[in-house]
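Please work through the exercises below with the sequence and the coordinates open side by side. Each task is followed by a solution that proceeds step by step.

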Amino acid sequence: MALNRALSVGEYFPINLRKIREEKGLSQAELAQRMKDLGHSCTQATIWKLEQGHREPKLTEVAAIGAALDLRSWTELAIEPATFNVATALDQWRRRAYELAEQTRAAAAAQMDGLVQLAFAVKEAEDAGLSVEWAKGRAGGWLELTPEVTVLREVLAARAAEGLEDEESDRQRVQEDRLVERIVGALESSGLLLVVKPEDIKIIEPDSPRDAAAG
């Protein structure tokens with residue numbers, strides 16, 4: 001990261017240290033403990049002195065603090081506060097975006113497993129002599145809402161502007177539905193299966209009636 005100009009560690013370090021520590025919800029004692037966990041001796045009193053600017057930090061202290069605070073680079077503790085604030089905000093939201101993407105992937109996998117089990121239940125109903133149409137109706141249309149379609153719909157809904165009038169909101173939903181249909185159509189034409197079909201469900205282990213997978 002390019003620094004704006006030559007800066008004094010003692011000039012900006014105390015301001016940046018206190019701000020990032022508080023943003024991360026850490027007390028001075030907790031930060032000191034994190035540093036100890038990383039193998040660097042530190043006390044709450046040391047953190048207090050550094051934040052008050054009572055003494056210049058040692059290079060090893062700055063490096064340990066940067067690691068304890070999970071900063072991209074410990075050298076950023078010495079840059080102008082305005083630049084530091086922007087840099088840490090970018091890091092914060094980049095991590096948040098990654099965490100949410102991980103949650104989305106986990107939720108998609110769980111949803112797919114649930115849809116397979118739902119399709120298996122529909123097939124069981126058919127094997128029991130019940131109407132497939134009745135069973136599919138009982139499934140509530142979810143067999144046609146694979147994770148890809150669900151995520152797409154929710155993303156488009158999230159993009160809708162807040163505070164729309166009811167009529168405008170209705171038009172927005174219609175446009176979203178049309179867009180979803182076009183995208184889903186393109187994905188299906190490429191060979192991607194976006195519907196879980198009960199007839200494609202095969203039992204993997206005969207001794208485990210609930211252990212099934214889409215064929």
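**Exercise 1: a buried arginine**

Arginine 21 has a relative accessible area of 8% and is therefore buried, in a model that is predicted. Place arginine 21 in its secondary structure, and list what its side chain and its other atoms meet.

Solution. Begin with the secondary structure: arginine 21 belongs to helix α1, which covers residues 9-23. Next, set aside residues up to four places away in sequence, after which arginine 21 is found to touch Leu26, Ser27, Gln28, Leu31, Ile47, Glu51 and Leu69. Finally, look for a polar partner among these, and the side chain of glutamate 51 appears, making a polar contact of 2.5 Å with the side chain of arginine 21.

**Exercise 2: the partner of the arginine**

Decide whether glutamate 51 is buried or exposed, and describe its surroundings.

Solution. Glutamate 51 sits in helix α3, residues 44-52. Its relative accessible area is 8%, and because buried means under 20%, glutamate 51 counts as buried. Leaving out neighbours within four places in sequence, the contacts of glutamate 51 are Pro14, Leu17, Arg18, Arg21 and Gln28. Two side-chain polar contacts can then be assigned to glutamate 51, one with arginine 21 at 2.5 Å and one with glutamine 28 at 2.9 Å. As a last step, compare sequence with space: glutamate 51 and isoleucine 15 are 36 residues apart along the chain, while their C-alpha atoms are 6.8 Å apart.

**Exercise 3: a helix pair**

Determine how helices α2 and α4 are oriented to each other, and which residues form their contact.

Solution. Helix α2 (residues 28-37) packs against helix α4 (residues 59-68) at an angle of about 105 degrees, and the axes are 9 Å apart. Since angles of 65 to 115 degrees count as roughly perpendicular, α2 is roughly perpendicular to α4. From α2 the contact draws on Leu31, Arg34 and Met35, which meet Glu61, Ala64, Ile65 and Ala68 of α4. Sorted by class, the contact comprises 5 nonpolar residues, 2 charged residues and no polar ones.

**Exercise 4: the helix of residues 81-127**

Compare the end-to-end reach of helix α5 with its expected span, and examine what follows it and what lies beside alanine 108.

Solution. Helix α5 contains 47 residues and extends 68 Å from its first C-alpha to its last, close to the 69 Å expected at 1.5 Å a residue. Just after α5 comes glycine 129, whose phi is positive, at about 90 degrees. Within α5 lies alanine 108, which is partly exposed, because its relative accessible area is 22%. The C-alpha of alanine 108 is 5.2 Å from that of proline 147, although the two are 39 residues apart along the chain.

**Exercise 5: the whole chain**

How many helices and strands does the protein have, and in which pattern do they follow along the sequence?

Solution. The protein has 8 helices and 2 strands, in the pattern α-α-α-α-α-α-α-α-β-β. Of its 215 residues, 29% are buried. Turning to contacts with a separation of 6 or more, 60% of them are between residues 24 or more positions apart.

Terms used
Residues are numbered from 1 along each chain as its sequence is written. This is a predicted model: local features need pLDDT of at least 70, side-chain atom pairs count only at pLDDT 80 or more; totals for chains, interfaces and linings use all residues. Side-chain values use heavy atoms; hydrogens and water are left out. Helices (H or I, at least four residues) and strands (E, at least two) are DSSP runs, numbered from the N terminus. Buried means under 20% relative accessible area, exposed over 50%, partly exposed in between (1.4 Å probe, protein chains only). A polar contact is a pair of N or O atoms within 3.5 Å; within protein, one must be able to donate a hydrogen and the other to accept it, and residues adjacent in sequence count only if both atoms are side-chain atoms. Contact means heavy atoms within 4.5 Å. Axes are lines fitted to C-alpha atoms, for helices over the stretch in contact, and angles run from 0 to 180 degrees between N-to-C directions. Angles under 35 degrees count as roughly parallel, over 145 as roughly antiparallel, 65 to 115 as roughly perpendicular and the rest as oblique. Ala, Val, Leu, Ile, Met, Phe, Trp, Tyr, Cys and Pro count as nonpolar, Asp, Glu, Lys and Arg as charged, and the others, Gly among them, as polar. The expected span of a helix is 1.5 Å times one less than its number of residues.
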